[in-house]
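This report is meant for someone meeting the structure for the first time. Please look over the sequence and the model before reading on.

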Amino acid sequence: IYNDTFFKTKDGKGAILLRSDKLFEPNYPRISKKVVLSKISVYASREEDVVLNKIELRISNYVPGQYKNISLIKEDGSKYGSTIISPIVKDINQPNVVFTDSQLLKANSTTNYNLVADTNIPSSKSSNYGTQLQREIVVNRLSPENSSHWVLATGVNSTKEVSSYGGVDTHLNFAD
C-alpha cells in the first residue's frame, strides 16, 4: 500500500514521515462517542532518534460543536498531548486541532496514533451544512524539500529541528 522513501534533511540528519491508513474509510452515526476519526502513523528515519514535539491537524468543513473531547491516542493506549474539549476556529487552510507533547521516537521506528472524538454532526434534513455529511482530517502533504511546520520534531543527536513531511487525509462519512 505504501511506498515511502526517507530523505536526509539538508544538514544530513533525521526526518519523520506522517501518513494515514489508506484502507481506513469510516462511516459513523452523526451522534457518536469515542469514534476513530483518523489513523495516523509517524515514522522516524534511520538517521537519528527524534523527539516529537507537536502535531497539528485540520478538520475540514468544521462547524463549532461538531467535535468534542478530541484526543490523539498512541497504540499503547496512552495520550499524546491533552484532550481538546472543542477545536479552535481558524482560517480554513490552517490547523484547528493542535497536540503538543514530548515523545521520543527511536530511529527507524513507527508509532501509530488514533485521532478519537465525540461527534455531533448536524442532520442533512435540518442543517445548512448537512447536504454532504462528510468531513476530512488533513495534515499538509509536503515534500522533504518543503517540510511541514504542522509537525515539529527535534533530533536527539543533532539537537536540530528535523524535516517532517507526508500527509494525513482521511474522509469521514456520517449517516442520518
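In this predicted model, the largest nonpolar core holds 35 residues, of which Ile-16, Leu-52, Tyr-67, Ile-70 and Phe-99 touch the most other members. Strand E3, which covers residues 31-44, gives the most to this core, with 6 residues.

**The chain as a whole**

The secondary structure of the chain comes to 0 helices and 11 strands, so that the elements, read from the N terminus on, follow the order β-β-β-β-β-β-β-β-β-β-β. The chain has 176 residues, and 48% of them count as buried. Among contacts in the chain with a separation of 6 or more, 75% are accounted for by residues 24 or more positions apart. The chain exposes about 8900 Å², and carbon and sulfur atoms supply 47% of that area.

**Strand E1 and its partners**

Strand E1 is formed by residues 15-20, and because 6 of its 6 residues are buried, the strand is largely enclosed by the rest of the structure. Both of its faces are covered, with Ala-15, Leu-17 and Arg-19 buried on one side and Ile-16, Leu-18 and Ser-20 buried on the other. E1 is joined to strand E11 (residues 163-175) by 5 bridges, and these two strands run parallel; here Arg-19 stands opposite Gly-167 in E11. E1 also pairs with E3, in the antiparallel sense and over 5 bridges, and in this pairing Ile-16 stands opposite Ala-44 in E3. Ile-16 is also one of the residues that touch the most other members of the largest nonpolar core.

**Strands E4 and E10**

Strand E4 (residues 50-59) and strand E10 run antiparallel and are joined by 5 bridges; the bridge partner of Lys-54 in E10 is Leu-152. In a regular strand the side chains alternate between the two faces of the sheet. Along E10, which spans residues 151-155, Val-151, Ala-153 and Gly-155 point to one face and are buried, whereas Leu-152 and Thr-154 point to the other and are not.

Is Glu-56 buried or exposed? Glu-56, which lies in strand E4, counts as buried because its relative accessibility is 11%, and the cut-off for that class is under 20%. The C-alpha atoms of Glu-56 and Val-151 are separated by 6.2 Å, although these residues are 95 residues apart along the chain.

**Phe-99 within the core**

Phe-99 has its place in strand E7 and counts as buried, at 0% relative accessibility. Leaving aside its neighbours within four places in sequence, Phe-99 is in contact with a number of residues, including Asn-53, Lys-54, Ile-55, Leu-57, Ile-70, Tyr-80 and Leu-115. Between Phe-99 and Asn-53, the distance from C-alpha to C-alpha is 8.4 Å, while the two are 46 residues apart in sequence.

**Aromatic rings**

A pair of aromatic rings is described by the distance of the centres and the angle of the planes. How many aromatic pairs does the structure hold? The structure holds 1 aromatic pair. The pair is formed by Tyr-80 and Tyr-113, whose ring centres are 5.8 Å apart and whose planes stand at 75°, so the arrangement is edge-to-face; planes over 60 degrees apart fall in that class. The pair links distant parts of the chain, since Tyr-80 belongs to strand E6 (residues 79-84) and Tyr-113 to strand E8 (residues 109-120), with their positions 33 residues apart in the sense that they are 33 residues apart. Both Tyr-80 and Tyr-113 are buried. Elsewhere, Lys-39 lies over the face of Phe-24, at 5.5 Å from the ring centre.

**Two residues with positive phi**

The table lists two residues other than glycine in which phi is positive.

| Residue | Phi | Location | Relative accessible area |
|---|---|---|---|
| Lys-34 | near 50° | strand E3 | 68% |
| Asn-108 | near 60° | loop between strand E7 (97-105) and E8 | 58% |

Lys-34 is exposed, because its relative accessible area is 68% and exposed means over 50%. Asn-108 is likewise exposed, with a relative accessible area of 58%.

Terms used:
Residues are numbered from 1 along each chain as its sequence is written. This is a predicted model: local features need pLDDT of at least 70, side-chain atom pairs count only at pLDDT 80 or more; totals for chains, interfaces and linings use all residues. Side-chain values use heavy atoms; hydrogens and water are left out. Rings of Phe, Tyr and Trp (its six-membered ring) pair if their centres lie within 6.5 Å; planes under 30 degrees apart count as stacked, over 60 as edge-to-face and the rest as tilted. Helices (H or I, at least four residues) and strands (E, at least two) are DSSP runs, numbered from the N terminus. Buried means under 20% relative accessible area, exposed over 50%, partly exposed in between (1.4 Å probe, protein chains only). A charge sits over a ring if NZ of Lys or CZ of Arg is within 6 Å of the ring centre and within 35 degrees of the ring normal. Contact means heavy atoms within 4.5 Å. Accessible areas come from the Shrake-Rupley method with a 1.4 Å probe; for residues, only the protein chains shown count as cover. A nonpolar core is a set of buried Ala, Val, Leu, Ile, Met, Phe, Trp, Tyr and Cys residues joined through side-chain atoms within 4.5 Å. Two strands pair if DSSP finds at least two bridges between them.
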